[in-house]
2 protein chains.
Amino acid sequence: MKSFSRLFTFMKSHSSLTNVLTDHKLASLGDAYVNLVYSLAFSAKMGEPSGKKVKGTVLAEALRKAGLRQHMPSRMTSHKLADAAEALTVYAWLNDCITLEQSVTILLKSDDLINGLTQLLMKAKEAVRLS
Amino acid sequence: MKSFSRLFTFMKSHSSLTNVLTDHKLASLGDAYVNLVYSLAFSAKMGEPSGKKVKGTVLAEALRKAGLRQHMPSRMTSHKLADAAEALTVYAWLNDCITLEQSVTILLKSDDLINGLTQLLMKAKEAVRLS
C-alpha cells in the first residue's frame, strides 16, 4: 500500500485521535473500506464470494468496546459512533499503518463480528500513534 | 495482494469469461470493491475523503463500451450488465491480475467515470486471460 499513500497526502494532517474520530468525510470513505473488508472476510469464511454491509449499531458497539468512546465528545448518536469507527479504520489504512489483508485477517480470526471489529479498531488505534 | 489470494482460492475455478460475467455472487462482492475503488479515486481527485457509489446504469454502459456485452447471454437487464462489470473487476483483483492501486489510477486518469470504468474493464479482461 505504500505507493498508494501519495494519492492521499491530504489525510495525513490529523493531530489527534479525536480529530480522526469526528471527521465525517473520512467516515464516508471509511464506510466503503469497512464494507469491503467485511465482505472479503465473510467470503473467505463462507468459501464463496458475498457482499455484506456492516450495520451502524455493530460499529458503534465495537467502538465502545475498543475504549474509543472516551476520545469523543459527549452526546453522540449511535450513527456518529459508527462514523468514528469507519473514519479511524480507513485512516489507519491510508496512512500505511495497517494493510487491507491485515484488516480482513483480524475479522476472520473472530467468530463474532463485534469482537472482530473491536480488535480491528484497537489495532488501528495503536498503529496510528495518536492520542 | 499476492498473499491475499490464498484466502480466495475458491474463485480461481472460472474457465470462461462468460462464467465470470454471469456469477452473481462474485458481483455481490464486486459491488463493495468497485465502490471503494471509485470512492478512493474521487477522494484523490477532490483532495478530500469521500464515499461514492457507482450507479448500475454507468457500469452497464461501461461494460458495453468495453466490448464485453457479446460475452453474455442475450436478453440481459441493465442490472445484470452492471453485475457483470462488478464481477469481472473483483475477479481480476482477487486473482492478482490487477492491484487496487492500478484500479484507482485507471479511474483517476479519466475525466469521465464511464470511460474510466471502460478502461478498467478492458484492462481486467486482458489481465484475466479468459475467453
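The following paragraphs lead through a predicted model of two chains, A and B, from their contact to the helices and loops within them.

The confidence values come first. The model has an ipTM of 0.94 and a pTM of 0.95. In chain A the average pLDDT is 93, and 96% of the residues score at least 70.

The two chains meet in a contact to which chain A gives 24 residues and chain B gives 24 residues. On the side of chain B that touches chain A, helix α2, residues 24-46, gives the most, with 12 residues. By class, that side of chain B holds 12 nonpolar, eight polar and four charged residues.

One residue from which to view both chains is A:Ser50. It lies in the loop between α2 (24-46) and α3 of chain A. Leaving aside residues up to four places away in sequence, A:Ser50 touches A:Ser39, A:Phe42 and A:Ser43 in its own chain, and B:Lys25, B:Ser28 and B:Leu29 in chain B. A:Ser50 counts as partly exposed, because 18 C-beta neighbours lie inside 10 Å and a residue is called buried at 20 or more. A:Leu36 is 14 residues away from A:Ser50 in sequence, and the C-alpha atoms of the two are 10.0 Å apart in space.

Helix α2 of chain B also packs within its own chain. The axes of α2(B) and α4(B) come within 7 Å and cross at roughly 75°, so that α2(B) is roughly perpendicular to α4(B). From α2(B), the residues that meet α4(B) are B:His24, B:Leu26, B:Ala27, B:Leu29, B:Gly30, B:Asp31, B:Tyr33 and B:Val34. Their partners in α4(B) are B:Asp83, B:Ala84, B:Glu86, B:Ala87, B:Thr89, B:Val90, B:Tyr91 and B:Trp93. The residues of this contact divide into 10 nonpolar, three polar and three charged. B:Leu29 thus has a part in two settings: it meets α4(B), and it is touched by A:Ser50 of the other chain.

The next element is helix α3, which can be followed in each chain. In chain A this helix covers residues 56-65, and A:Leu59, A:Ala60, A:Glu61, A:Ala62 and A:Leu63 are buried there. These buried residues pack against α4 (78-94) and α6 (113-128) of chain A. In chain B, α3 also spans residues 56-65, with B:Leu59, B:Ala60, B:Glu61, B:Ala62 and B:Leu63 buried. The cover over them includes α4 (78-94) and α6 of chain B. A glycine with a positive phi, near 75°, follows the helix in each case: A:Gly67 after α3(A) and B:Gly67 after α3(B).

The helices that cover α3 in chain A also touch each other. The axes of α4(A) and α6(A) come within 9 Å and cross at roughly 55°, which means that α4(A) is oblique to α6(A). The crossing is left-handed. On the α4(A) side the contact is made by A:Ala85, A:Leu88, A:Thr89, A:Tyr91 and A:Ala92, while α6(A) brings A:Leu117, A:Leu120, A:Leu121, A:Ala124, A:Lys125, A:Ala127 and A:Val128. Of the residues in this contact, 10 are nonpolar, one is polar and one is charged.

In chain B, α6 (residues 113-128) can be seen against helix α5 (residues 100-109). Their axes come within 7 Å and cross at roughly 140°, and α5(B) passes α6(B) in a right-handed crossing. Here B:Ser103, B:Ile106 and B:Leu107 of α5(B) meet B:Gly116, B:Gln119, B:Leu120 and B:Lys123 of α6(B). This contact has three nonpolar, three polar and one charged residue.

A few individual residues complete the picture. A:Asn19 belongs to helix α1 (residues 17-21) of chain A and is partly exposed, because 15 other C-beta atoms lie within 10 Å. A separation of 13 Å lies between the C-alpha atoms of A:Asn19 and A:Leu81, which are 62 residues apart along the chain.

Most residues other than glycine have a negative phi. A:Arg75 has a positive phi, near 55°. This residue lies in the loop between α3 and α4 of chain A and counts as exposed, because it has 6 C-beta neighbours inside 10 Å. B:Arg129, in the segment after α6 of chain B, likewise has a positive phi near 55°. With 9 other C-beta atoms within 10 Å, B:Arg129 is exposed.

Methods
Residues are numbered from 1 along each chain as its sequence is written. Chains are lettered from A and ligands numbered from 1 in the order in which they are written. This is a predicted model: local features need pLDDT of at least 70, side-chain atom pairs count only at pLDDT 80 or more; totals for chains, interfaces and linings use all residues. pLDDT is the predictor's confidence in each residue, from 0 to 100. Two residues are in contact if their C-beta atoms, placed from the backbone, lie within 7 Å. Helices (H or I, at least four residues) and strands (E, at least two) are DSSP runs, numbered from the N terminus. Ala, Val, Leu, Ile, Met, Phe, Trp, Tyr, Cys and Pro count as nonpolar, Asp, Glu, Lys and Arg as charged, and the others, Gly among them, as polar. A residue is buried if 20 or more other C-beta atoms lie within 10 Å of its own, exposed if 12 or fewer, and partly exposed in between; C-beta atoms are placed from the backbone. Axes are lines fitted to C-alpha atoms, for helices over the stretch in contact, and angles run from 0 to 180 degrees between N-to-C directions. Angles under 35 degrees count as roughly parallel, over 145 as roughly antiparallel, 65 to 115 as roughly perpendicular and the rest as oblique. A crossing is left-handed if the near helix is turned anticlockwise from the far one by less than a right angle, and right-handed if clockwise.
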